[in-house]
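Biologist: Could you walk me through this one? I'd like to hear the reasoning behind each label.

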Amino acid sequence: MSWDPGSDVVEVTRGPQKAGGAAGLYRAFGETLRGLKTTFGQLTSGVTTFQYPEEKIPVYPRFRGRHRLHRFEDSGLEKCVGCSLCAAACPADCIRVVAAENTPEHRVSAGERYAAVYEINLSRCIFCGYCEVACPFDAITMGHDFELSDYNRSDLIFTKEMLLAEPPDRTPLRAEGE
Amino acid sequence: MIPPLAEVGFSEPWWVQVLAALFFAFVGLNLVPVVLLTERKVLGRFQNRYGPNRVGPFGILTPVADILKLLSKEQFRPRTAVGWLFVLAPILSITAAFGALAIIPYGNVNDVLGQPVGFYGIDVTIGPLYVFAFGAIAFYGLMLGGWSSGSKYSFLGSMRAAAQLISYEVAQGMALVGVIITAQTMSLTGIVNAQEGMWYIVPQFFGFVIFMVASFAETNRPPFDLVEADAELVGGYNTEFGGGKFALYYFAEYLNVIVISGMATTMFLGGWLLPFGISTPGWVGFFVVIVKMMLVVIVFIWIRATLPRLRYDQLMSLGWKVLLPLATLNMLVTAIVVTTS
């Protein structure tokens, strides 16, 4: 069975199989010098380290960080109507919503009902953003905050007040075209 | 006046000897943290990062923090270790390194407050042999350390150290013979004085290259750090050592680097002499030697940043089949040139 590979043949140039005496020694010396030149070039090309806690890498606008709940800017009412669609969409099952009826005396949200309890367990959350997609009122979005470590697991359960609050401005956002 | 135990070119009264010894030990001790920090900082720059910069301004207190951390650790000993040897081995290592440090000359005999003082620990007439003698004792430190740990990895590491040191000491010694033949003396101050006019790196260039390559192996530096070879041997002979004992080993390793750079400076780079016949007062020569030593140390770091570790058989064949014949050839050619001219 002879098959002509035609133009599929790739010729590979290999170095000599044996070290090869004086010529090999000369070549090894030259290659060492070439390597030294390469590393010396890196010495002068500066550093690429970000001094992280002081110097932060800006995130992209679509970065999925810690969640935020939103209010209407004009009326100040919460956008969330307590429909639990986010909790249903959540693959990690980390959102807990308990809804309650709005009354004329106690009006919290724009809809019929509101979220009396809204908790996200951030130690479970996988930051997939499905809750954001599921929400019919854009009440929950993914923010840019990613510095979420804590000393205690129970401190990672974020309540509605924490999610509604304006986050401390500590994550730089990447500018257009950056 | 107590006669010195070794045959020396020049010796001071005993109290000057004690003061000078303390001073040069102090200098050597303080060079170690400097070299440690230089290594970590410069190596970082070679790899496009900053290196340590958290402790103190620009991280200059990092070695102090390192040493304090090591000294405050628990003294641990494996159950299988041989007690007194386990303690003795690092001490042997550091003693040998300190002993070798004594002959690095920082200057000729100069007047210090009206008293003639040689700027060196001791100026023995056998020069480089003294360093090799202490190198051989340092080898006991590694070997006993590995053996007395009672651990297989340590033992493998120290066996490698033994083979490596023996192979490369030969080539290193041979490389220096060329210099000794050219200078017609073995005293290190004599060798530096003979370099007035031309440093031996020019006529003895091959000797210099062979000496440096062998020195990387002698001091267990990359690319010949098979003794430590973290990837294969965990940590080599010092795997089981921690705290102060490990600090001693670490210190000895860097002292050896300093001694070797001092030897390279003295034998090939003109010691305290400046190029183009610029003559300086003696105390300037002291700093000239330190600067040259640091430059050699930076070459050590540069090589470390560049070359990967050799395989064990490659290490052996490089030592015996390449460096030793080249060093011998260099010696023969030098001898013929010197005797015929």
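Modeller: What follows is a short back-and-forth on how the labels were reached, and please keep in mind that this is a predicted model.

Biologist: Let's begin with overall shape. What makes chain A more spread out than a compact globule?

Modeller: For 178 residues the globule rule gives 16 Å, and the radius of gyration of chain A is 29 Å, well over that, so chain A counts as more spread out than a compact globule. Its C-alpha atoms fill a box of roughly 95 × 55 × 35 Å along the principal axes. As for burial, 13% of the residues of chain A count as buried.

Biologist: And how do you know whether chain B agrees or disagrees with a compact globule?

Modeller: Put its value against the rule: a compact globule of 341 residues would have a radius of gyration near 20 Å, and chain B has 20 Å, so the two agree. The C-alpha trace of chain B spans about 60 × 50 × 45 Å, and buried residues make up 44% of the chain.

Biologist: Which secondary structure elements does chain B have?

Modeller: Chain B has eleven helices and two strands, and along the sequence they read α-α-α-β-β-α-α-α-α-α-α-α-α. Chain A has four helices and five strands, running α-β-α-β-β-α-β-β-α from the N terminus.

Biologist: Now the inside. What makes up the largest nonpolar core?

Modeller: That core has 88 residues, and those with the most contacts inside it include B:Phe251, B:Tyr254 and B:Leu255. Helix α9 of chain B, residues 243-267, supplies the largest share, 15 residues. Leaving aside residues up to four places away in sequence, B:Phe251 touches B:Val32 and B:Ile94. There is also a second, separate core of 18 residues, with A:Cys80, A:Cys131, A:Cys135 and A:Ala139 among its members.

Biologist: Why would such residues gather at all? I'd like the general background.

Modeller: In soluble globular proteins, nonpolar side chains tend to be buried together.

Biologist: Over to the loops. Why is B:Asn48 called partly exposed?

Modeller: B:Asn48 has 13 other C-beta atoms within 10 Å. Exposed needs 12 or fewer and buried needs 20 or more, so with its 13 B:Asn48 falls in between and is partly exposed. B:Asn48 sits in the loop between α1 and α2 of chain B, and its phi is near 60 degrees, a positive value in a residue other than glycine.

Biologist: How do you know whether B:Gln184 is buried or exposed?

Modeller: Count again: B:Gln184 has 10 other C-beta atoms within 10 Å. The cut-off for exposed is 12 or fewer, so B:Gln184 is exposed. B:Gln184 lies in the loop between α5 and α6 of chain B, and its phi is also positive, near 60 degrees.

Biologist: What makes the peptide bond between B:Pro222 and B:Pro223 a cis one?

Modeller: The omega angle: for that bond omega is about 5 degrees, and the bond is cis. B:Pro223 is in the loop between α7 and α8 of chain B.

Biologist: Last one: how many residues does each chain put into the contact between them?

Modeller: Chain B gives ten residues and chain A eleven. On the chain B side, α1 and α10 are the elements that give two or more, and α10(B) gives the most, with three residues. By class, that side has six nonpolar, two polar and two charged residues.

Note on methods
Residues are numbered from 1 along each chain as its sequence is written. Chains are lettered from A and ligands numbered from 1 in the order in which they are written. This is a predicted model: local features need pLDDT of at least 70, side-chain atom pairs count only at pLDDT 80 or more; totals for chains, interfaces and linings use all residues. Two residues are in contact if their C-beta atoms, placed from the backbone, lie within 7 Å. Ala, Val, Leu, Ile, Met, Phe, Trp, Tyr, Cys and Pro count as nonpolar, Asp, Glu, Lys and Arg as charged, and the others, Gly among them, as polar. The radius of gyration is taken over C-alpha atoms; the globule rule is 2.2 Å times the number of residues to the power 0.38. A nonpolar core is a set of buried Ala, Val, Leu, Ile, Met, Phe, Trp, Tyr and Cys residues joined through C-beta atoms within 7 Å.
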